[in-house]
Amino acid sequence: MLGFSNLSLSNFLFWATQKRWFIYAILIGFILFLLPQPTALSQKGFTSIVILITTLILIIKEPIPLPAIAIYILLAQIYGGIDSADGIAKAFMNDAVFFIMGSLMLAVVIIRQGWDSRIALGILKLTGNKTSNIVFGFLSISAVLSSFIGEHTVAAIMLPIGMTLIRFTSSDLSKVKNLASAILFSIAYGCLIGSVGTPSGGGRNVIMINYFQQLNISLSYFEWMIKVYPFVLIQIPIVAWIINHTFKPEYKILDSSVRKLVIKVAKSRNMTGRNTITVMIFFLIFIGWVFFSETFGLGTIALTGVFLYILGGFVRWNDLNKHTHWGVIILFGATISLGTSIRSTGAALWLADQVITVFGSLMEIFPAFSDLIVILTTTAMANILSSSATVAVLGPITMSLVPDMIHIGLVTAVSSAFGYFTAVAAPACTIVYSSGMLKPKDFLKIGWRIGFVSIFLLMVYVNTYWVIIN
Amino acid sequence: MKILIAVGSKRYSKPTLHLGMKVAQAFKAKTTIIDVGEKISEFSSQLVELAQDQMESWDFDPPGVDVLEWAFNYLSDNSLIDSKQIETGFPKNRLIDDGEDRKLVYLSGTVCEDVNLILRNGDIISELREEVQYGGYDVTIVGKSQKRNMSHDLLQYINSSILVVNQHNNEKFNRVLLPIDNSHGTMKAAKYGIRVAIAYNIGIDVLTVLSDNGTGNDKNLNTSKITKLIRRSGVSYTNLEEYGDPVEKIIEKANDDKIIVMGASSMSPIKRYFKGSKPLSVMNRCNVPILIVK
């Protein structure tokens, strides 16, 4: 056909099949452009909404690599006339992107330090051998640690500990299916719950802080913790209870497997001076986050830590380079720049107005209704997109919804961690899923229960505790 | 010759593995067994890799290695490969990333020169296509999928011959059914059919399906060449001539006790994509193993 060989035609068809969602996204974009532009919306605002919709399709379906999606976002904004190349580039790289970069690199350093053995011993000392206590122990330790060192890092550290305990209980997974689910979900959900506790718990928190700063709103590390950490502590026992009752473990006591695990970790290498220094550097990073993040930014401090680790020879650049997903970093930079454009072009305000037009009367009668809309939208998007990308694109819109931007911004950030329903919602869930011991339907089986309870708790929490402390 | 056998789970892959290895032996082929794991979201792929590195330090293999290990042991237990235990082998399962988005798996303490084990992650068709291109395989052997699109995509995009194995009665076939027509691929299909027949010590039914009106214009020009080829190879054969719809006749003649060996469609890929093809229709509807030769 037209001089093309069968092989080249076949290759083209394969390409078209693989990239069909990219083709659909572009077609949808063109169709949207052909629709009449809303009068209350500027041309730039309209363009940024079209780019937002096509970007969401690309991020959800991943027909092209993430860095290519990032480039698409940048090019579409420039060619779409939203801003000049310099303007887009300025919004592209900021402290939130520094933080995501630093956080991914810190994960490599921390995971390599062999803290897992000591954490395992710590959990077992606290919980003893009762299964329900062990589930509670895994969940609470994961939650507390992920508040400070990032959910993905904690999930990677905790996963082998949990899997070893499961394997020591029975090598036949079918005999310990519920136990495996209970332990693995306690790790994943613990990481999710804890990740909102402090600004450094996850990239999405830093993205929100960044949006606050763009609007000259100040929220310190401590203020964030005072507002959000009690919610983490409330969730821990409730979620542990739900996990224990959804997946009733086959064994109530894990006596021999706990002993085997203790023996295994006792044989592992002792803490060295270098390990102590890595802990000390991390402690310095934490102090920096708490006391200096408003001055220097969370990302700058995270990168300072990375610099010290490289300088001290605690990690090799090759190792960092190999395990840091630069594509993710570039994509977050691009989505943040898109979020900024959505706000600066007035598109965020227009979208928020549409929500108010539909639900305005309900929001007037029940002020908490706006919280519910934001929580449900953010939760839904976080489960199909990614929590950080959700905050990056939704943040400017939700913050235009009500006058109290800190309130609604924090509600957005917290509910973006409700990625309980799918394995792709958050890195912690994907990491645990990669063990091969869980099925997608397991996430749904427990996800709806915890999701429902978390949404209810957050609604009550923000409309009682926040009212009191304000 | 190189053969690629795709396995997916311990539960469903036994027939694929068994028949695949027998065919590989028939062709004296170098065999690779591949497991394609689920696609990992790119957002978390690097973190998952980091977590799996961590799991390795606790002596856990990534998902998929257990399936490959089971496959290797199954072949060894059924004397389909000659595996040796070596004292100097790897003390534990070893995965080597060769930089091509694939991992070579070396099982602890075993060595087998006949079989390679490969682990990949991603969309099954993309990964098989990549692997076939990378390894230059002649035949890809897969189990029959319940998904209709899967057969279509296999035929459309995998650049090697395809043997699709059904889950039932795979070892019960007693003849090779060789549907032939005037296309160029028929001769190659006949050569493959003969080798299968020799390996299993069975005969071949050479099937020509003519159109209902029987005008004589569709007389098969390949029949005499093929029968000559079969005769020379010492395999017993019968010539069957039928009138009607080729797909219906092939399925009817295959019954439940033949292995079908037929050439791939010679239509252009674009036509095939929209209209389908006879091999695809037969593959979707038949209950016996089918080797489509490209």
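**Helix packing in chain A and the twelve-stranded sheet of chain B**

Helices α9 (residues 151-169) and α10 (residues 177-194) of chain A pack with their axes 9 Å apart, at an angle of about 165°. An angle over 145° counts as roughly antiparallel, so α9(A) is roughly antiparallel to α10(A). The crossing of this pair is right-handed. All of this, like everything below, is read from a predicted model. From the α9(A) side, the contact takes in Glu151(A), Val154(A), Ala155(A), Met158(A), Leu159(A), Gly162(A), Leu165(A), Ile166(A) and Thr169(A). Their counterparts in α10(A) are Leu179(A), Ala180(A), Ile183(A), Leu184(A), Ile187(A), Ala188(A), Cys191(A) and Leu192(A).

One of those α10(A) residues, Leu184(A), turns up again in the surroundings of Leu438(A). Leu438(A) sits in the loop between α22 and α23 (440-462) of chain A. Despite the loop setting, Leu438(A) counts as buried, because it has 20 C-beta neighbours inside 10 Å. Leaving aside residues up to four places away in sequence, Leu438(A) touches Ser181(A), Leu184(A), Val432(A) and Tyr433(A). There is also a long jump in sequence here: Lys177(A) is 261 residues away from Leu438(A) along the chain, yet their C-alpha atoms are separated by 8.7 Å.

Helix α9(A) has a second job to look at, on the side of chain A that touches chain B. Across the two chains, 33 residues of chain A are in contact with 26 residues of chain B. On the chain A side, α1 (6-18), α6 (95-111), α9, α17 (326-344) and α22 (427-433) each supply at least two residues. The largest share, eight residues, comes from α9(A).

Over in chain B, there is an open sheet of twelve strands with mixed pairing, in the order β4-β5-β7-β2-β1-β8-β9-β14-β13-β10-β11-β12. The edges are β4 (94-97) and β12 (237-243) of chain B, each pairing on one side only. Ignoring direction, neighbouring strands of this sheet are turned by 25° against each other on average. Helix α3 (residues 65-77) of chain B lies across β1 (2-7), β2 (30-37), β5 (103-106) and β7 (115-121) of that chain, and runs at about 160° to β7(B).

Strand β10 (residues 175-180) of chain B is mostly covered, with six of its six residues buried. That goes for both faces: Arg175(B), Leu177(B) and Pro179(B) are buried on one side, and Val176(B), Leu178(B) and Ile180(B) on the other. Six bridges link β10(B) in parallel to strand β11 (residues 203-210) of chain B. The chain gets from β10(B) to β11(B) by way of helix α6 (residues 185-200) of chain B, and this β-α-β crossover is right-handed. Within the pairing, Pro179(B) has Leu207(B) of β11(B) as its bridge partner.

Strand β10(B) also runs parallel to β13 (residues 258-263) of chain B, joined by three bridges. Here Leu177(B) stands opposite Ile260(B) of β13(B). From β13(B), four bridges lead on to strand β14 (residues 290-293) of chain B, again in the parallel sense. Ile260(B) features in this pairing too, with Ile290(B) as its bridge partner in β14(B).

Technical notes: Residues are numbered from 1 along each chain as its sequence is written. Chains are lettered from A and ligands numbered from 1 in the order in which they are written. This is a predicted model: local features need pLDDT of at least 70, side-chain atom pairs count only at pLDDT 80 or more; totals for chains, interfaces and linings use all residues. A residue is buried if 20 or more other C-beta atoms lie within 10 Å of its own, exposed if 12 or fewer, and partly exposed in between; C-beta atoms are placed from the backbone. Two strands pair if DSSP finds at least two bridges between them. A crossover is right-handed if, with the strands pointing away from the viewer, the path from the first strand over the helix to the second runs clockwise. Axes are lines fitted to C-alpha atoms, for helices over the stretch in contact, and angles run from 0 to 180 degrees between N-to-C directions. Angles under 35 degrees count as roughly parallel, over 145 as roughly antiparallel, 65 to 115 as roughly perpendicular and the rest as oblique. A crossing is left-handed if the near helix is turned anticlockwise from the far one by less than a right angle, and right-handed if clockwise. Two residues are in contact if their C-beta atoms, placed from the backbone, lie within 7 Å.
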